[in-house]
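Hi,

Here is the structure I said I would pass on to you. Have a look at it first, and my notes are underneath.

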Amino acid sequence: MTVRDALNSALDEEMSADPKVFLMGEEVGEYQGAYKISKGLLEKYGPERVLDTPITEAGFTGIGVGAAYYGLRPIVEFMTFNFSMQAIDHIINSAAKSNYMSAGQISVPIVFRGPNGAAAGVGAQHSQCYAAWYATCPGLKVLCPYSSEDARGLLKAAIRDPDPVVFLENELLYGESFPVSAESLDSSFCLPIGKAKIEREGKDVTITAFSKMVGYALKAAEILAKEGISAEVINLRSIRPLDRSTINASVRKTNRLITVEEGFPQHGVGAEICTSVIEESFGYLDAPVERIAGADVPMPYAANLERMAVPQVEDIVRAAKRACYRSVPLAAAA
């Protein structure tokens, strides 16, 4: 099943199960979704539950949050999460903080979803990863699916959740196919929010990743296995809450850690994971923690520079070799 079909089926099933669920955003209806995620939903549920909006993120996000205050369950699609910056006041000040500020009287069951991070050749204004941005804010849950099973199970969990959820998809993963279990195709299927998945077990080095970078980490693990290095790959799935116990348990087994993300290195998801491991498992580390992240620059438009600005499989392989003392450390090479 493709990630696109997994998301579409999750939306369809949750809209069918609960009449309070509705979808709104640019081109979600007549056009079937900018990425065809909402294909067939307008025809099935009508214009009252699949709403095409003007190009006004601040406007329709505010309407969505207001609807959630009154007990509906809106799903707000952004054509790219870069455009969610137009609506960040509603996401943070209106949605994330309301439950706390109302002493629990106002719950905001809303999902903000759409493609996040780098696509291909779309320039700096369409390529930023917002996982770390939104994960800093109490009151939000932040999910980043990798596989089709992730996409189905986590989106269903997000729609059913009583709190606001930021659901960060990846445009380049929409068309990728993944094997799915019979269990995941059941309409009651749901994945727990805040639980990571060990995609590959290993004993020499732990590699954490989310979204598209999980695939890169798995490819790196295959290359490393041929050279006698056994890498454990953790698919984070949930950025907030972060599954610290799974990460720390893995590091206590492998004694080494590499974090991988597309976002900027400073104040990133990897930085938070590193700190968690240093606080809880420092005595188990046999090598410095390495962060693999995007370049500390706005995304270049030129294809050759774009490739250099996002992590590649070979970057992960080199970092793992350094952590396992199979190559010269960066500092010594300088």
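Below is what turned up, going from the domains to a sheet and then to the salt bridges.

Before anything else, keep in mind that this is a predicted model.

**Domains**

The domain assignment splits the protein chain into domain 1, residues 3-185, and domain 2, residues 197-333. Between their C-alpha centres there are 27 Å. As for how the two meet, 29 residues on the domain 1 side are in contact with 24 residues of domain 2. Together the domains bury about 2,000 Å² between them, and 59% of that is on carbon and sulfur atoms.

On the polar side, 9 residue pairs are in polar contact across the interface of domain 1 and domain 2, with both residues of each pair at pLDDT 80 or more. If you want to know where domain 1 does its touching, the elements that give two or more residues to that side are helix H6 (131-135), strand E5 (141-143) and helix H7 (148-160). The rule also finds 1 salt bridge across this interface.

**The five-stranded sheet**

There is an open sheet of 5 strands with mixed pairing, and its order is E7-E9-E8-E11-E12. At the edges sit strand E7 (197-200) and strand E12 (290-292), each of them paired on one side only. Neighbouring strands here are turned by 25° against each other on average, ignoring direction.

Inside the sheet, take strand E8 (residues 205-209) and strand E9 (residues 231-235): they run parallel and are joined by 5 bridges. If you want a spot to start from in the viewer, Val205 stands opposite Ala231 in E9. Helix H10 (residues 269-281) packs on the sheet and touches E8, strand E11 (257-260) and E12. The direction of H10 makes about 160° with that of E11.

**Salt bridges**

How many salt bridges does the structure hold? The count comes to 21. Two that you could pull up:

- Asp12 and Lys44 meet through their side chains, at 3.0 Å from N to O. This pair links distant parts of the chain, with Asp12 in helix H1 (residues 3-17) and Lys44 in helix H2 (residues 41-45), 32 residues apart.
- Asp150 and Arg237 also form a salt bridge between their side chains, with 2.7 Å from N to O. By the domain bounds, Asp150 falls in domain 1 (3-185) and Arg237 in domain 2 (197-333).

That's it from me. Shout if you want to go through any of it together.

Cheers

How values were computed
Residues numbered from 1 in each chain as written. Predicted model: local features only at pLDDT ≥ 70, side-chain atom pairs only at ≥ 80, totals over all residues. Heavy atoms only, no water. Pairing = 2+ DSSP bridges. Helix = DSSP H or I, 4+ residues; strand = E, 2+ residues; numbered from the N terminus. Axes fitted to C-alpha atoms, helices over the stretch in contact; angles between N-to-C directions. Contact = heavy atoms within 4.5 Å. Domains from an automatic or database assignment. Buried area = accessible area lost by both parts, 1.4 Å probe. Salt bridge = Lys/Arg side-chain N within 4 Å of Asp/Glu carboxyl O. Polar contact = N/O pair within 3.5 Å; in protein donor to acceptor, adjacent residues only side chain to side chain.
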